[in-house]
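Here's a quick walk through one protein chain, with its sequence and fold side by side. Have both open while you read.

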Amino acid sequence: MMDWLSAVQNLRDDGRPGVLATVVSVRGHAPREAGAKMVIAADGLWDSIGGGNLEAEVIDRARRMIDEASGAPETLTFALNEHAANQHGRQCCGGEVQVLLEPLRNDPVVAIFGVGHVGFELARILSRLRLRLYLIDSRTGQLDLLRLADVTAGSATVTVHHTPAPETVLQALPAGSHVYIMTHDHAEDFLLCDAALRRGGLDVGLIGSTAKWARFRQRLRVEGHEDVDSIRCPIGLPGIGGKAPAAIAVAVAAELLGTMGGAVSGTSGPESSERRVTAPPNAG
């Protein structure tokens, strides 16, 4: 059976929300000692803080926090005696327990398909934020780890994929991921747009002009897609001028941050030690 620590990591890897419940203090008799933990997700539970009414009420509150997307921790106090009003039955251990509920932060996922001039500059900017950054390219040299050294030195968790079939990576992304399609090949761009619409559940932006998007839009409709306007093209915050790759990247990053709101932050200090860089064997 998976323990609470593995559950936290699995939820983070899957991009799923959850709550970590910790017994922070115990007075008198109680089912579990201070420090006992469990993890609650919308559709799963791992470990235990003692069962009974105590645990059932914690699960109920944690799942409401998940539904409400609450980001603030809460402390609940439980009197474990026969006189306490309990929703899920009596628990007569005789003690008092405090439980801390901590929402498990889901780092936003951003996937950049095509790490050319603009893709690289966008990756450099976004790597300074706490998020999960996927870099995908069909060209080996674009993902050379020496070239990406400035990207992987940031706060983001970076995963690189060199693959001739980038749509397979797209299919594996968590729902709600922010996808930027900016490859070197318009045919590859179109294939990814088509795959993204078939998959659904993604926030998709396509680099290009209004003329390019008009052609793509027509072809996507021919392919049977009715929700083609869910793809944004052109991308970037209006009013930020310039055609240099860095200028375009700044405009795109600014637009993305506006979309995310407060869901992303920079990382400094001890948290930065959590940063991971994953390069599959064929990543170049």
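What follows goes from the whole chain to its main pocket, two helices and a few local details.

## The chain as a whole

First, a caveat: this is a predicted model. The chain has 284 residues, and 44% of them are buried. Its secondary structure adds up to 8 helices and 12 strands.

How do the contacts spread along the sequence? If you take contacts between residues at least 6 apart in sequence, 65% of them join residues at least 24 apart. On the outside, the chain exposes about 13,500 Å², and carbon and sulfur atoms supply 52% of that.

## The largest pocket

Let's move on to the empty space. The largest pocket comes in at about 660 Å³. Its lining counts 26 residues, with Pro17, Leu104, Arg105, Asn106 and Asp107 lying nearest the centre. Three elements give two or more residues each to this lining: β1 (18–27), α2 (52–68) and β5 (96–104). Of these, β5 provides the largest share, at 3 residues.

What kinds of residues make up the lining? Sorted by type, there are 14 nonpolar, 9 polar and 3 charged residues.

## Helix α2 and the loop after it

One of the pocket-lining elements, α2, deserves its own look. This helix has 17 residues and spans 25 Å from first C-alpha to last, close to the 24 Å expected at 1.5 Å a residue. Its buried residues are Asn53, Leu54, Glu55, Ala56, Val58, Ile59, Arg61, Ala62, Met65 and Ile66. They pack against β1, β2 (37–41), β3 (44–47), β4 (74–79) and β5.

Right after α2 comes Ala69, with a positive phi near 55°. Ser70 sits in the loop between α2 and β4. Leaving aside residues up to four places away in sequence, Ser70 touches Met65 and Pro103. Ser70 and Leu104 are 34 residues apart in sequence, yet their C-alphas are 9.9 Å apart in space. You've met Leu104 already, among the residues nearest the pocket centre.

## Helix α3

Why can α3 be called largely enclosed by the rest of the structure? This helix runs over residues 117–126, and 7 of its 10 residues are buried, so the rest of the structure largely encloses it. The buried set is Val118, Gly119, Phe120, Glu121, Leu122, Ala123 and Leu126.

As for what covers them, the buried residues of α3 pack against β6 (109–113), β7 (132–137), α4 (149–152), β9 (178–181) and α8 (245–260).

## Local details worth a click

Start with Gln142, in the loop between β7 and α4. Is Gln142 buried or exposed? With a relative accessible area of 18%, Gln142 counts as buried, because the cut-off for buried is under 20%. Its contacts, not counting residues up to four places away in sequence, are Val115, Gly116, Asp137, Arg147 and Leu148.

Next up is Asp47, in strand β3. Asp47 isn't a glycine, but its phi is positive at about 65°. Its relative accessible area is 30%, which makes Asp47 partly exposed. Strand β3 also came up earlier, as one of the elements that the buried residues of α2 pack against.

Finally, check the peptide bond between Cys233 and Pro234: it's cis, with omega about 0°. Pro234 belongs to the loop between β11 (231–232) and α8. That helix, α8, is also among the elements packed against the buried residues of α3.

Definitions and conventions
Residues numbered from 1 in each chain as written. Predicted model: local features only at pLDDT ≥ 70, side-chain atom pairs only at ≥ 80, totals over all residues. Heavy atoms only, no water. 1 Å grid on protein atoms, 1.4 Å probe; cavity = no way out; pocket = protein on both sides within 12 Å on 5 of 7 lines; lining within 4 Å. Points joined across faces, edges and corners; volume = space filled by probe spheres on them. Helix = DSSP H or I, 4+ residues; strand = E, 2+ residues; numbered from the N terminus. Nonpolar A, V, L, I, M, F, W, Y, C, P; charged D, E, K, R; others polar. Expected span 1.5 Å × (residues − 1). Buried < 20%, exposed > 50% of the residue type's maximum accessible area, 1.4 Å probe, protein only. Contact = heavy atoms within 4.5 Å. Areas by Shrake-Rupley, 256 points an atom, 1.4 Å probe, with all protein chains shown as cover.
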